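Hi everyone, thanks for coming. Let me put a structure on the screen and talk you through its aromatic rings, then its overall build.

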Amino acid sequence: MKPLARYATLIGYLDVCRAVGIEPVPLMKDAGVDVGGLGTQDRWIPAAAIAALLEHSAAESGRDDFGLQLAERRQFANLGPISVVVRDEPDVRSALRILARYTHVYNEALQPHLHEANGVMTVRIDTNFGEQIEARQFVELGVAAIYRLLRGFIGSRWKPLAVCFPHPAPADVSTHRRIFGGTINFDSDFTGIVIESRDLDSPNRMSDPSLRPYTHHILASFGEPGDVSVALRVRESIEILLPTGRCSAEQVARSLGIDRRSLHRRLTETGETYSSILNSVRTDLAERMVGSARPDLTEISTLLAFSAPSSFSRWFHGQFGCSPTQWRLQHQSSS
């Protein structure tokens with residue numbers, strides 16, 4: 001399975017397309033990017049598809065700064081759950097280390113590496129798409145996003161020692177200069193940002209020490225990059241797609257960049273099937289939803305993608321040994 005990234009990577013894409021005068025929908029379809037996915041930020045997609053979309057968009061618009069324009073529309077919260085942890089780290093160095101170690105939580109194709117020596121920290125950013133592709137816009141988006149995060153931590157007047165890109169400079173570097181200042185090195189032997197170590201000692205102004213035990217509990221749930229399994233990605237995709245009414249084995253496989261047969265084979269290797277994971281997700285969600293006062297049972301059956309409330313009731317009785325109504329009454333009487 002090729003490295004994935006969350007749809008949150010494309011936050012602001014439609015706005016940038018409008019700003020540069022191009023039509024986004026045909027470009028997204030050509031790149032294999034689901035237009036509806038922009039409304040579900042935590043949904044996964046092959047990172048190569050995002051890279052292809054950004055390259056095509058830059059070519060169509062004639063704007064070599066397309067990825068940078070997208071970066072300017074990114075917010076801290078677009079990192080997803082990792083943003084909760086990073087926000088409460090005590091200093092910038094700690095926050096940067098968390099970002100580098102857990103990049104796979106939001107983008108598996110980006111691979112930051114930190115090296116600190118002689119008063120200088122080098123943040124080297126490698127990429128892996130599972131194939132050889134052009135990814136200039138994707139790379140510039142990733143570098144600019146990290147740069148903007150660092151400025152958010154350290155202060156708007158902060159400047160790095162250098163911002164480095166391996167590709168040649170574009171004809172117009174005005175956007176690059178505006179975002180990064182005069183510290184850009186094109187045709188470099190690596191991609192990344194060079195920082196004075198003392199800048200990383202700056203206290204994190206957003207940090208709340210009282211929340212750190214809770215944020216590190218969240219951190220422990222992420223796992224290491226090698227711990228992420230296809231079963232976990234399938235479960236995440238099902239949880240996101242179920243309420244949309246577009247959840248199927250084919251759709252989940254497509255969102256992970258593989259076909260249905262490959263999905264079935266990969267899950268079989270882990271002792272799971274698509275149906276077993278779907279049933280597990282439905283069971284967990286149904287227990288929480290039915291146990292609360294809202295939503296009503298008809299809405300729950302729709303959210304869990306059952307064809308009719310009666311089908312949901314039969315399934316629920318098979319899982320829990322009673323009807324949804326009986327479960328809700330029992331739960332309410334005991335609370």
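There are 13 aromatic pairs in this structure, where rings of Phe, Tyr and Trp (its six-membered ring) pair if their centres lie within 6.5 Å; planes under 30 degrees apart count as stacked, over 60 as edge-to-face and the rest as tilted. One of them joins phenylalanine 306 to tryptophan 315, a tilted pair with 5.3 Å centre to centre and 45° between the planes. Before I go on: this is a predicted model, where local features need pLDDT of at least 70, side-chain atom pairs count only at pLDDT 80 or more, and totals for chains, interfaces and linings use all residues. Residues are numbered from 1 along each chain as its sequence is written, and side-chain values use heavy atoms, with hydrogens and water left out.

Back to our pair: are these two rings buried or exposed? Phenylalanine 306 counts as buried because its relative accessibility is 14%, the cut-off for buried being under 20% relative accessible area (1.4 Å probe, protein chains only). Tryptophan 315 is buried too, with a relative accessible area of 14%. Ring pairs also tie Phe306, Phe312, Trp315, Phe316, Phe320 and Trp327 into a cluster.

Now let's zoom out. Of the 335 residues in the protein chain, 52% are buried. Its radius of gyration, taken over C-alpha atoms, is 22 Å, which agrees with the value near 20 Å for a compact globule of 335 residues (the rule is 2.2 Å times the number of residues to the power 0.38). The C-alpha atoms fill a box of roughly 65 × 50 × 40 Å along the principal axes.

Methods:
Buried < 20%, exposed > 50% of the residue type's maximum accessible area, 1.4 Å probe, protein only.
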